[in-house]
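Work through the exercises below with the sequence and the structure side by side. Try each task before you read its solution.

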Amino acid sequence: MKQIKIIFILINFSWAIGLKSLLIPVDAVSMASSNSGIAQTESVKINPAIIVSQKSNSLSVSLNNWLGGVKGSALTHHWKNQYVYINSYQVDDIELWGLIPADEAIGNFSVRWLSLAYGHGFKLGDNLHVGVEAQGIYSRLYTQSTKGVIGNLGLIYTISDMYKLGVIAKNFGYLDSDLNEEYPTELGLGLAYNFTIPIGIRLDFIQNESIDLVIRSSIDFKLNYFTFTGGFSRYDSNQYFSCGIKLDYRHWSIAYGILSQEVSVLGTPYSIQLTLHY
């Protein structure tokens with residue numbers, strides 16, 4: 001009975017939160033910061049406008065483990081103010097039980113989610129960066145599927161060397177779903193403050209059409225080749241704490257992010273990311 005309950009919690013969480021609201025971090029940088037950093041981040045998944053600030057081309061791969069053992073991966077390529085990434089999550093071998101009590105499951109099924117995105121960044125003056133992203137989505141739960149194309153828009157305004165302001169608008173587009181679901185739109189505002197010492201603080205406020213107000217924050221501390229990150233995310237039904245570490249050496253970087261939350265039975269998500277800069 002406990003196993004069945006965990007499966008039901010997993011399916012409900014993965015579909016309603018992960019697949020529907022797109023709140024799952026897709027790399028170690030996002031995981032470590034609890035998906036915060038609208039005004040300042042290294043991940044285009046948080047704000048597509050950050051691509052303009054990238055100092056080199058890069059190729060990145062991440063292996064992700066989400067709540068309840070949901071496993072996924074992401075591959076990202078940045079070049080000349082453009083980027084493309086593919087991201088996937090899946091759960092296999094979920095037991096299917098009928099309405100009539102039985103000793104054995106009647107079969108197994110899987111949950112899959114896949115997205116492919118392309119983004120482009122622009123400079124509008126020295127202090128204003130704009131990023132636009134188009135993302136194709138496909139997900140499948142048993143025999144039912146959801147597919148569509150959504151758009152994401154991001155802005156980053158540099159007020160000074162210490163202050164930055166960011167804005168995002170996400171999940172606008174077309175969706176065809178057998179489950180009659182909709183991807184909730186998100187509108188977000190972010191602030192970033194960088195101390196004269198290598199410490200940065202970020203605070204985001206996101207209005208999500210499905211789960212209302214989301215508050216996220218994080219702090220970075222750089223020491224030689226290392227960057228240490230701590231993050232926090234909160235909304236009505238749950239809250240997350242996260243942390244991570246990143247090592248930059250020559251043309252390579254490796255990052256690890258981990259996240260904890262109140263529903264301990266679903267496990268501890270983590271992500272490992274390897275990046276080549278060229």
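**Exercise 1. Find which residues touch Ser233 from farther along the chain, and decide whether Ser233 is buried or exposed.**

Solution. Begin with the contacts: once neighbours within four places in sequence are left aside, Ser233 is in contact with Ser34, Val214, Ile215, Arg216, Gln239 and Tyr240. Next, place the residue in its element, which is strand E11, covering residues 226-235. Finally, compare its accessibility with the cut-off: the relative accessibility of Ser233 is 4%, and a residue is called buried under 20%, so Ser233 counts as buried. Keep in mind, here and in the later exercises, that this is a predicted model.

**Exercise 2. Follow the chain from strand E11 through E12 to E13, and state how these strands pair.**

Solution. Start with E11 and strand E12 (residues 238-249), which pair in the antiparallel sense over ten bridges. One of the pairs to look for is Thr229, whose bridge partner in E12 is Gly244. The two strands form a hairpin, with two residues between them. Then move on to strand E13 (residues 252-261), which runs antiparallel to E12 and is joined to it by ten bridges. Here Asp248 has Ser253 in E13 as its bridge partner. E12 and E13 also form a hairpin with two residues between them, and in that turn Arg250 has a positive phi of about 55°.

**Exercise 3. Determine which residues of strand E9 lie on its covered face, and which strands pair with E9.**

Solution. First sort the residues of E9 (residues 199-208) by face: Gly200, Arg202, Asp204, Ile206 and Asn208 make up the covered face, whereas Ile199, Ile201, Leu203, Phe205 and Gln207 make up the uncovered one. Now turn to the partners, beginning with strand E8 (residues 186-194), which runs antiparallel to E9 and is joined to it by nine bridges. Within this pairing, the bridge partner of Leu191 is Leu203, and the hairpin formed by E8 and E9 has four residues between the strands. Strand E10 (residues 212-223) is another partner, pairing with E9 in the antiparallel sense over ten bridges. Ile199 stands opposite Phe221 in E10, and the hairpin of E9 and E10 has three residues between its strands.

**Exercise 4. Show where Gly148 lies, and how far its C-alpha atom is from that of Tyr174.**

Solution. Locate Gly148 in strand E6, which spans residues 144-158. Although Gly148 and Tyr174 are 26 residues apart along the chain, their C-alpha atoms are separated by 5.4 Å. Tyr174 also appears among the residues that Gly148 touches beyond four places in sequence, together with Gln135, Gly136, Ile137 and Leu175. To complete the solution, note that Gly148 has a relative accessible area of 12% and is therefore buried.

**Exercise 5. Identify the residues with the most contacts inside the largest nonpolar core, and then describe the protein as a whole.**

Solution. The largest nonpolar core has 22 residues, and those with the most contacts inside it are Trp66, Tyr89 and Tyr240. The elements giving two or more residues to this core are strands E3 (82-96), E4 (107-123) and E5 (128-141). Another core, of nine residues, lies apart from it and includes Val44, Val52, Tyr83 and Ala117. Stepping back to the whole protein, there are two helices and 14 strands, and 45% of the 278 residues count as buried.

Definitions and conventions. Residues are numbered from 1 along each chain as its sequence is written. This is a predicted model: local features need pLDDT of at least 70, side-chain atom pairs count only at pLDDT 80 or more; totals for chains, interfaces and linings use all residues. Side-chain values use heavy atoms; hydrogens and water are left out. A nonpolar core is a set of buried Ala, Val, Leu, Ile, Met, Phe, Trp, Tyr and Cys residues joined through side-chain atoms within 4.5 Å. Buried means under 20% relative accessible area, exposed over 50%, partly exposed in between (1.4 Å probe, protein chains only). Contact means heavy atoms within 4.5 Å. Two strands pair if DSSP finds at least two bridges between them.
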